[in-house]
Amino acid sequence: MAKILIVDDEKGIREVIREYAEFNGYEVTEATDGMQAVAICQKEEFDLIVMDIMMPRLDGFSAVKEIKKSRDIPVIMLSARSEEYDKLFAFEVGVDDYMVKPFSPKELMARAQAILNRARPQENLNEQLAEGGIEIDLPAREVNIDGARIELTPKEYDLLVYFIQNKNVALSRDIILADIWGYDFGDVRTIDTHVKNLRGALGPYRGKIVTLRGVGYKFEG
């Protein structure tokens, strides 16, 4: 049974998410602010965190940064703020998904399940992926560029592996959304944000990810 931590200062929102999460078979723990969430994560292991941004004592962004120092837990961020800046910043601090309030609890559960499915250990990953100066240790989920380790968020890592495994194939944004995010609905601009961040991390190899106007992307091998 997957364990989910729900972090929101609004009791009503926590109760709604808990109801849907428990109905879908998840074990739920609640926190009322970022400070409490950090303290709980220092004592317990979770498979997923659903985190609000605007909270007393410690906001969601700061809480995620603190938790990520010691725990690599996937995070879905909830916010009433829909500005692109907020979404970009959320992805930069390591958030896996971003939903704007008011949101559909059913959609939240679909996104949560997609993230949990990707996070499950996979069999037969005793192999390496290499493309030019990019080397990926799949079991360790580690990436090296010209022999130097780089840090990627979980979603950036998934995108890079996906691109290399499908090199020289034109990939539409809808296909990428379905294959990486695990659902066939959502804001495809999320993909553009993650690709931008991934390109920045790849340094001299950023040009391998080619934008196909009106379509999506292609990784040139």
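Arginine 57 sits in the loop between strand E3 (48-52) and helix H3 (60-68). Helices (H or I, at least four residues) and strands (E, at least two) are DSSP runs, numbered from the N terminus. The phi of arginine 57 is positive, about 70°, although the residue is not a glycine. Arginine 57 counts as exposed because its relative accessibility is 62%. Here buried means under 20% relative accessible area, exposed means over 50%, and partly exposed lies in between (1.4 Å probe, protein chains only).

This is a predicted model, in which local features need pLDDT of at least 70, side-chain atom pairs count only at pLDDT 80 or more, and totals for chains, interfaces and linings use all residues. Residues are numbered from 1 along each chain as its sequence is written, and side-chain values use heavy atoms, with hydrogens and water left out.

**Confidence and overall form**

The pLDDT is the predictor's confidence in each residue, from 0 to 100. Its mean over the protein is 88, and 94% of the residues reach 70 or more. Residues 121-125 fall below 50. Beyond near neighbours in sequence, that stretch has two contacts in the model. Contact means heavy atoms within 4.5 Å.

The protein has eight helices and 12 strands. Its C-alpha atoms fill a box of roughly 50 × 35 × 30 Å along the principal axes. The radius of gyration is 18 Å, which agrees with the value near 17 Å for a compact globule of 221 residues. That radius is taken over C-alpha atoms, and the globule rule is 2.2 Å times the number of residues to the power 0.38.

Of the 221 residues, 48% count as buried. Among contacts between residues at least 6 apart in sequence, 57% join residues at least 24 apart. The protein exposes about 11100 Å², and carbon and sulfur atoms supply 47% of that area. Accessible areas come from the Shrake-Rupley method with a 1.4 Å probe; for residues, only the protein chains shown count as cover.

**Backbone exceptions**

Most residues other than glycine have a negative phi, and most peptide bonds are trans. Arginine 141, like arginine 57, departs from this: its phi is about 55°, positive although the residue is not a glycine. Arginine 141 is in the loop between strand E7 (134-137) and strand E8 (142-145). With a relative accessible area of 41%, arginine 141 is partly exposed.

The peptide bond from lysine 101 to proline 102 is cis, with omega near -5°. Proline 102 lies in the loop between strand E5 (97-100) and helix H5 (105-119).

**Strand pairs**

Strands of a sheet pair through backbone hydrogen bonds, either parallel or antiparallel. Two strands pair if DSSP finds at least two bridges between them. The table lists three antiparallel pairs.

| Strands | Bridges | A bridge pair |
|---|---|---|
| E7 and E8 | four bridges | isoleucine 134 and isoleucine 145 |
| E8 and E9 (residues 148-150) | three bridges | valine 143 and isoleucine 150 |
| E11 and E12 (residues 216-219) | four bridges | threonine 211 and tyrosine 217 |

E7 and E8 form a hairpin with four residues between them, and arginine 141 is in the turn. E8 and E9 form a hairpin with two residues between them. In that turn, aspartate 146 has a positive phi of about 50°.

E10, E12 and E11, in that order, form an open antiparallel sheet of three strands. E10 (171-172) and E11 (209-212) stand at the edges, each with a single partner strand, so one side of each is left without a neighbour in the sheet. Helix H6 (residues 154-165) lies across E10, E11 and E12, at about 65° to E12. Axes are lines fitted to C-alpha atoms, for helices over the stretch in contact, and angles run from 0 to 180 degrees between N-to-C directions.

**Two buried residues of helix H8**

Which residues does asparagine 197 contact, leaving aside neighbours within four places in sequence? They are Phe91, Glu92 and Glu156. Asparagine 197 lies in helix H8 (residues 189-202). It is buried, because its relative accessible area is 17%.

Threonine 190 is also in H8. Its relative accessible area is 14%, so threonine 190 is buried. Not counting residues up to four places away in sequence, threonine 190 touches Phe91 and Trp181. Phe91 is thus a contact of both asparagine 197 and threonine 190.
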